[in-house]
Amino acid sequence: MQPSVGPFVVDTRRAQRNVGHPEPFQVAGSLEVEGDPGVMPDPETPVVVVGTLQSLSDGSIVVRADAKGAWVGQCRRCLRQLSEPLDVQLNEVFEAEPEEGETYQLGDHSIDLEQAVRDNFILDMPLLALCAQDCEGICAVCGADRNDALCHCAAEQTDPRWDALNDLDFS
Ligand SMILES: [Zn+2]
Ligand SMILES: [Zn+2]
């Protein structure tokens, strides 16, 4: 097995010598970002993970930790840049033969929390970023940010061809 490197790798030897005893740890680093640039973990904000790891008698390791970071994104309607803090609780099991989507890979003497942190962050981030639930968005006609000033495009958008119809007298 490849020796693990990366900011979220935690040495598990101490916990493995003291089975059943929660060992405190702290790691920090930036998350490599992949996926949707509309909403993603903020690569500029270091993620800090503080918690304990506990070795169980079956050889697996339980991690209970608090991970703090931030997400960045762009409002879907007005395209404003957004950034919000993220604070998630990790409660994860690491084992030699992990179950896909359930547990994570345990190395010989270490675990890498990066994937677990990313998975939990993604669950906690909004699917679609909005600066506010009632964001007015950008006017499709004139491009004005309607949160700043209401333009009058809607009022002026009537098609002049309909005016002729309005003038017809059907009686
Ligand atoms: Zn907005
Ligand atoms: Zn407009």
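Two strands count as paired if DSSP finds at least two bridges between them. That cut-off matters for strand β7 (residues 104-105) in this predicted model, because β6 and β7 pair over two bridges. The pairing runs in the parallel sense. Within it, F94 has Y104 of β7 as its bridge partner.

On β6 there is also a pairing with β5. Strand β5 covers residues 61-74 and strand β6 covers residues 81-95. The two run antiparallel and are joined by 14 bridges. One position to look at is A70, which stands opposite P85 in β6. β5 and β6 form a hairpin with six residues between the strands. In that hairpin L79 takes a positive phi near 70°.

The first metal site can be taken up from here. The zinc ion (ligand 1) is coordinated by the SG atoms of C75, C78, C131 and C135, at 2.3 Å. In sequence these donor residues follow the spacing C-x2-C-x52-C-x3-C. The angles among the four donor atoms are 103 to 114°, and the site is tetrahedral. For comparison, the ideal angle for four tetrahedral donors is 109.5 degrees.

How are the donors of this site placed with respect to the surface, buried or exposed? C75 and C78 are both buried. For C75 the relative accessible area is 1%, and buried means under 20%, so C75 falls in that class. C131 has 30% relative accessibility and therefore counts as partly exposed.

The second site holds the zinc ion (ligand 2). Its protein donors are the SG atoms of C139, C142, C151 and C153, which lie 2.2 to 2.3 Å from the ion. This site is tetrahedral too, with angles of 103 to 113° among its four donor atoms. Along the chain the donors are spaced C-x2-C-x8-C-x1-C. Two of them, C142 and C153, form a pair that links distant parts of the chain, eleven residues apart. C142 sits in the loop between α2 (114-124) and α3 (153-156), whereas C153 is in helix α3.

These two cysteines can be compared by accessibility. C142 is partly exposed, with a relative accessible area of 43%. C153 has a relative accessible area of 11% and is therefore buried.

One further point concerns the cysteines. A disulfide requires a pair of cysteine sulfur atoms within 2.5 Å, and by this rule the count comes to zero disulfides.

Key
Residues numbered from 1 in each chain as written. Chains lettered and ligands numbered in written order. Predicted model: local features only at pLDDT ≥ 70, side-chain atom pairs only at ≥ 80, totals over all residues. Heavy atoms only, no water. Helix = DSSP H or I, 4+ residues; strand = E, 2+ residues; numbered from the N terminus. Donors = N, O, S within 2.8 Å, 3.2 Å for Na, K, Ca; no water. Tetrahedral: all angles 85-135°; square planar, octahedral: opposite > 155°, others 65-115°. Buried < 20%, exposed > 50% of the residue type's maximum accessible area, 1.4 Å probe, protein only.
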